[in-house]
Amino acid sequence: MEAFERILNWVNKLLRLIGGIAVVGMMAVTCLDVICRGFDHPIIWAVDLVGFLALTSLACALPITHAEGGHVGVDLFVGKLTPKTQAYFDTITSLVSCILFGIVAWQMWLYAAELSSKGEVSMTVQIPKAPFIYLVSVCFVVLTLAIFADFVRHAGKAVKG
């Protein structure tokens, strides 16, 4: 399990880097577009590119945010339970989340394949959409694997008591 988590951490760091580069790219394109608009020469492809970069940054942030516990959680009820009951609750929640996000990853992959087969592109610059949707699917796979690691950890706590 340690090797699995090391690989998962490495992939999370890579996705963090890709997401960070996408955010910097969004900032650069937006600033350049604003400057060019000041000279009556807007960049027509800016909206398409910023949209794809935003999608990339958000998708890449999902797994690392989960790994760092950055998602919002409300534990008004669970916080009052015993540690063993909390472990059971966390195990069930992790299992359901793992199944849900696994299905989302699979469906996103199918959607990307459909877009690819139809040759779907962005409106202004004709950038293919499928590679970005494939990236989203991969990010959901990584998120699912991170949740699975939590499931194993929580199940271990629930069994040990």
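Here is a walk through the structure, stop by stop, with something to select at each one.

Before you click, know that this is a predicted model: local features need pLDDT of at least 70, side-chain atom pairs count only at pLDDT 80 or more, and totals for chains, interfaces and linings use all residues. Residues are numbered from 1 along each chain as its sequence is written, and side-chain values use heavy atoms, with hydrogens and water left out.

**Stop 1: the core**

Select Leu-8, Leu-15, Cys-139 and Phe-140. Of the 14 residues in the largest nonpolar core, these touch the most other members. A nonpolar core here is a set of buried Ala, Val, Leu, Ile, Met, Phe, Trp, Tyr and Cys residues joined through side-chain atoms within 4.5 Å. Now colour by helix (DSSP runs of H or I, at least four residues, numbered from the N terminus). Helix 1, helix 2 (46-67), helix 3 (83-118) and helix 4 (130-160) each give at least two residues to this core. Helix 4 supplies the largest share, eight residues.

Zoom in on Leu-8. Leaving aside residues up to four places away in sequence, Leu-8 touches Val-142, Leu-145, Ala-146 and Ala-149; contact means heavy atoms within 4.5 Å.

**Stop 2: Thr-56**

Move to Thr-56, in helix 2. Is Thr-56 buried or exposed? Thr-56 is buried, at 8% relative accessible area (buried is under 20%, exposed over 50%, partly exposed in between, with a 1.4 Å probe and protein chains only). Show its neighbours, again not counting residues up to four places away in sequence: Ile-18, Ala-22, Phe-132 and Leu-135.

**Stop 3: the cysteines**

Next, display the cysteine sulfurs. How many disulfides does a search of the whole structure find? Zero, where a disulfide is a pair of cysteine sulfur atoms within 2.5 Å. Cys-60 is buried, with a relative accessible area of 1%. Its sulfur is 4.1 Å from the closest cysteine sulfur, in Cys-139, so the two are too far apart for a bond. Cys-36 doesn't pair up either, because its closest cysteine sulfur, in Cys-31, is 11 Å away.

**Stop 4: the salt bridges**

Switch to the charged side chains. A salt bridge is a side-chain nitrogen of Lys or Arg within 4 Å of a carboxyl oxygen of Asp or Glu, and the count comes to six.

Start with Glu-68 and Arg-16, whose closest N and O atoms are 2.1 Å apart. This pair links distant parts of the chain, 52 residues apart: Glu-68 sits in the loop between helix 2 and helix 3, and Arg-16 in helix 1. Glu-68 is exposed at 56%, while Arg-16 counts as partly exposed at 43%.

Then pick Lys-129 and Glu-120, which meet at 3.9 Å, N to O. Lys-129 is partly exposed at 28%, and Glu-120 is partly exposed at 32%.

Finish with Arg-153 and Asp-150, a salt bridge at 2.3 Å. Both lie in helix 4, three residues apart, about one turn of the helix. Arg-153 is partly exposed at 37%, whereas Asp-150 counts as buried at 16%. Add Glu-5 to the selection: salt bridges that share partners join Glu-5, Asp-150 and Arg-153 into one network.

**Stop 5: a nonpolar patch outside**

Last, turn on the surface and select Trp-10, Leu-14, Leu-17, Ile-18 and Ile-21. Together they make a nonpolar surface patch of about 500 Å². Patches are made of residues with over 30% relative accessible area and no salt bridge, joining like charges within 9 Å and nonpolar side chains (Val, Leu, Ile, Met, Phe, Trp, Tyr) within 5 Å. Trp-10 is in helix 1 (residues 2-38) and is exposed, at 56% relative accessible area.

How values were computed:
Areas by Shrake-Rupley, 256 points an atom, 1.4 Å probe, with all protein chains shown as cover.
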